[in-house]
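Notebook open, model loaded. I'm jotting things down in the order I looked them up.

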Amino acid sequence: MATIILNKNNFFNNLDIIAKYCKSVDKIALVLKDNAYGHGLVEMSTMAREYGIKRAVVRTQREAKLIEDFFEYILVLGEIPTSASQTIRYTINDLNSIDDFAKDTKVELKVDSGMHRNGISMDELEEAFIKIKARGLLLEGLFTHHRSADELTSEWFWQKNNFEDAKKIAKELAIKYGFAPLRFHSSNSAALFRNASFDEDMARVGIAAYGCMKLPEALDIEGFKPVLSLWAKKLSSRKLKSHQRVGYGGDGEVERDEVVSNYDFGYGEGFLRVCANGYKTPEGVELIGRISMDNSSFLSSKDELLIFDDASVVATYASTISYEVLTSLKPEIKREIS
Ligand SMILES: *Cc1c(COP(=O)(O)O)cnc(C)c1O
């Protein structure tokens, strides 16, 4: 099975840049959902704590429980809890779900500022406050998510203005219904870097921390370094003659006499199968034939092969985004911090 190496220096380098934009390490809420974007939830949490990160964002209660001791604040985006907790906050995504939360649960209200995916609409805000109050929930925050922060359009400004309106309304409602002042946040990675005058209570940063953010040139921020690299071990080697063909369907034909080796990873571990014939590693080693479940062949005789050290490059090759390349990597792969 392949190995994932996590580069701590690169991670800390990325956090340095993010902290500068947030104006404080305390305002970074590191997004660790989906096994920390495939990097490994506990491994990334361990390093984040060492750096001084106090806040985390995950999808499920299970993820939150696994890292409860690492952070002072954890926000769960997508699940209604079975029990209340001191550190864990839960998201209200829908007006009708408020009655499903247990009394005294710490909650944050997601408002739909234009993405129309999750969150309650602006004109349901007062109704939400009334329901939250009646249910006895501890409302701590109001937040939203941008749909186009990484695109060079005016949509980001439009949503930002909508959220500013929502904040004003929520501030008044918090006073009216007797809640403490609310925490406000709206920025993911791309939104944070668009906002020179960032002044919210925290930013929910994922892909930038992992060093795989891809932005249009005009929005690009320099200096990020990918944290994750994937390495594989040789299982076997053979000398093939010109025009012999490798793997399922014989798709990979060698053009001359070549040494072809087979390595211990495939789509079963989450390496995208579309990266077939012609994919080249960062060292220029060429993949040959189809990717199998647990095997992939390369024109190489190396015992250990670096498969990729920048998910963005694989993403471009596979016509997808680095998020998908990374979250496809299975939790069973061994992770090492270097
Ligand atoms: C995934 C997610 C983020 C992080 O987005 P990045 O683009 O990786 O920084 C922030 N907020 C919410 C609600 C998310 O779902």
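What covers the buried residues of α5? I started there, and the cover includes β5, β6, β7 (120-121), β8 and α6 (155-176). For the record, this is a predicted model, so I took local features only at pLDDT of at least 70 and side-chain atom pairs only at pLDDT 80 or more, while totals for chains, interfaces and linings use all residues. Residues are numbered from 1 along each chain as its sequence is written, and side-chain values use heavy atoms, with hydrogens and water left out.

**Helix α5**

I listed the buried residues of α5 (residues 125-135) as Leu125, Ala128, Phe129 and Ile132. They span an arc of only 100° around the axis, so they sit on the same side of α5. My terms: buried is under 20% relative accessible area, exposed is over 50%, and partly exposed is in between, with a 1.4 Å probe and protein chains only. Helices (H or I, at least four residues) and strands (E, at least two) are DSSP runs, numbered from the N terminus. The arc is that of the directions from the helix axis to the C-beta atoms. After α5 comes Gly136, with a positive phi near 80°.

**Strand β8**

Next I went to β8 (residues 138-143), one of the elements covering α5. Five of its six residues are buried, so β8 is largely enclosed by the rest of the structure. I checked its partners, where two strands pair if DSSP finds at least two bridges between them. β6 (residues 106-112) runs parallel to β8 and is joined to it by five bridges; Glu108 stands opposite Gly141 there. β9 is also parallel to β8, with three bridges, and Leu142 has Phe184 in β9 as its bridge partner.

**Ser186**

Following β9 (183-185) led me to Ser186, in the loop between that strand and α7 (189-194). Is Ser186 buried or exposed? It counts as buried, at 6% relative accessibility. I then pulled its contacts (heavy atoms within 4.5 Å). Leaving aside neighbours within four places in sequence, Ser186 touches Thr144, His145, His146, Phe163, Glu200 and Arg204. I also took a distance to Ser197, eleven residues away along the chain: the C-alpha atoms are 13 Å apart.

**Helix α3**

I gave α3 (residues 41-51) the treatment I had given α5. Its buried residues are Leu41, Met44, Ser45, Met47, Ala48 and Tyr51. Viewed down the axis they fall within an arc of 165°, so they line one face of the helix. What do the buried residues of α3 pack against? I noted β1 (3-6), α1 (8-22), β2 (28-31), α2 (33-37), α4 (61-66) and β18 (334-337). Gly52, just after α3, takes a positive phi of about 110°.

**Positive phi outside glycine**

I looked up two aspartates here. Asp34 has phi near 50°, a positive value in a residue other than glycine, and lies in helix α2. Its relative accessible area is 30%, so I wrote it down as partly exposed. Asp104 is not a glycine either, yet its phi is positive at about 70°. I found Asp104 in the loop between β5 (88-92) and β6, and at 42% relative accessibility it counts as partly exposed.

**Strand β17**

Then I turned to β17 (residues 304-308). Four of its five residues are buried, so β17 is largely enclosed by the rest of the structure. β11 (residues 228-240) runs antiparallel to β17, and four bridges join them. In this pair I found Ala232 opposite Leu305 of β17.

**Whole chain**

Last, I noted the totals. The protein chain has nine helices and 18 strands. Its C-alpha atoms fill a box of roughly 80 × 40 × 35 Å along the principal axes. Of the 338 residues, 54% are buried. Among contacts between residues at least 6 apart in sequence, 64% join residues at least 24 apart. I put the accessible surface at about 15400 Å², with 48% of it belonging to carbon and sulfur atoms; these areas come from the Shrake-Rupley method with a 1.4 Å probe, and for residues only the protein chains shown count as cover.
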